[in-house]
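User: I'd like to go through this structure with you and ask what stands behind each label. Could you set the values beside the definitions as we go?

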Amino acid sequence: MNNNRPHSIIIVCGGDFLKRAFTALCAVILVFFVSCGDGRETKRLDIDYPFDIHAFIKFDGRDYEADVTLTGENEIRIIFCAPESLKNTVLEMKNGESYLHVSGVTLPINDGGYSSENGLLLIRHLFTVSQKNYTDASVIKHGGVKYSVENYTTNEGKISAYFVSGKQMPDKISANLHGHEIELIIVND
């Protein structure tokens, strides 16, 4: 019996050791998954320039349709398809200057930068967010469609990118920038 006693102590100690090791392993796995679960790895709105999109735009309650080309953070070209009164009119910002192209005539917009920070040229900010602007992500259902939504906060305001598919380009972007409500529904990318 004396021989069994030290042996049983070893077994008991071994059992406690295994329980503690298993508990520690579970704790490490739990910490790993919780620390990796902040959603930042889901960020997909990371755009390379240049790129073109066709979009339906709602800006402060008014509806537009346009082809949008971005060649840099402050270089954007908006070619209007609708409304009919703006068809083929081009609003452009390049080298920090804003222009309106109408019927073959180019007009510089000399308003001290008001149009670039309070008009449709704000659309350029929807595509300049970075990882540091990311705040959170969620999954919502809107109009019968399930979206993965990524939210960003910038100096210009709040931006939300709505993804339905696994593409890098969102299907929809909404924002409140400088007090203006903007929504883009991207038809193609």
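Analyst: Happy to; what follows takes the labels in turn, beginning with how far the model can be read. This is a predicted model, in which local features need pLDDT of at least 70, side-chain atom pairs count only at pLDDT 80 or more, and totals for chains, interfaces and linings use all residues. Residues are numbered from 1 along each chain as its sequence is written, and side-chain values use heavy atoms, with hydrogens and water left out.

User: What is the average pLDDT of the chain, and what share of the residues scores at least 70?

Analyst: pLDDT is the predictor's confidence in each residue, from 0 to 100. The chain averages 82, and 75% of the residues score at least 70. Over residues 5-13 the pLDDT is below 50, and this stretch has zero contacts in the model beyond near neighbours in sequence; a contact means heavy atoms within 4.5 Å. Residues 26-42 also stay under 50, with eight contacts beyond four places in sequence. Where pLDDT is low, the predicted coordinates should not be read in detail.

User: Which helices and strands does the chain have, and in what pattern?

Analyst: Helices (H or I, at least four residues) and strands (E, at least two) are DSSP runs, numbered from the N terminus. By that rule the chain has two helices and 11 strands. Along the sequence they follow the pattern α-β-β-β-β-β-β-α-β-β-β-β-β.

User: What makes E7 and E8 a pair of strands?

Analyst: Two strands pair if DSSP finds at least two bridges between them. E7 and E8 have eight bridges, in the antiparallel sense, so the pair meets that cut-off. His 142 stands opposite Val 145 in E8. The two strands form a hairpin with two residues between them, and Gly 143 in the turn has a positive phi of about 60°. Next along, E8 (residues 145-153) is joined to E9 (residues 157-163) by six bridges, again antiparallel, with Ser 148 opposite Phe 163 in E9.

User: Why are E6 and E7 said to stand at the edges?

Analyst: The open sheet of 11 strands has the order E6-E5-E4-E3-E2-E1-E11-E10-E9-E8-E7, with antiparallel pairing. E6 (105-109) and E7 (134-142) each have a single partner strand, so one side of each is left without a neighbour in the sheet. Neighbouring strands of this sheet are turned by 25° against each other on average, direction ignored; the axes are lines fitted to C-alpha atoms, for helices over the stretch in contact, and angles run from 0 to 180 degrees between N-to-C directions.

User: Why is E4 called largely enclosed by the rest of the structure?

Analyst: Buried means under 20% relative accessible area, exposed over 50%, and partly exposed in between (1.4 Å probe, protein chains only). Four of the five residues of E4 are buried, so the label fits. E4 pairs with E3 over four bridges and with E5 (residues 97-102) over five. Val 90 is the bridge partner of Ile 79 and also stands opposite His 101 in E5. In the hairpin of E4 and E5, Asn 95 takes a positive phi near 50°.

User: What makes a set of residues a nonpolar core, and which residues have the most contacts inside the largest one?

Analyst: A nonpolar core is a set of buried Ala, Val, Leu, Ile, Met, Phe, Trp, Tyr and Cys residues joined through side-chain atoms within 4.5 Å. The largest has 32 residues, and those with the most contacts inside it are Ile 57, Ile 78, Ile 123, Leu 126 and Phe 127. Elements giving two or more residues to this core include E1 (51-59), E2 (62-72) and E3 (75-82). E1 gives the most, with five residues.

User: How do you know whether Ser 103 and His 178 are exposed or partly exposed?

Analyst: Ser 103 has a relative accessible area of 75%, so it counts as exposed. His 178 has 37%, so it is partly exposed. Ser 103 lies in the loop between E5 and E6, and His 178 in the loop between E10 and E11. Phi is positive in Ser 103, about 50° although it is not a glycine, and in His 178, near 50°. Gly 179, also found in the loop between E10 and E11, is exposed at 62%.

User: What is the form of the peptide bonds before Pro 50 and Pro 83?

Analyst: The bond from Tyr 49 to Pro 50 is cis, with omega near -10°. The bond from Ala 82 to Pro 83 is cis too, with omega near 10°. Pro 50 has its place in the loop between H1 (4-36) and E1, and Pro 83 in the loop between E3 and E4.
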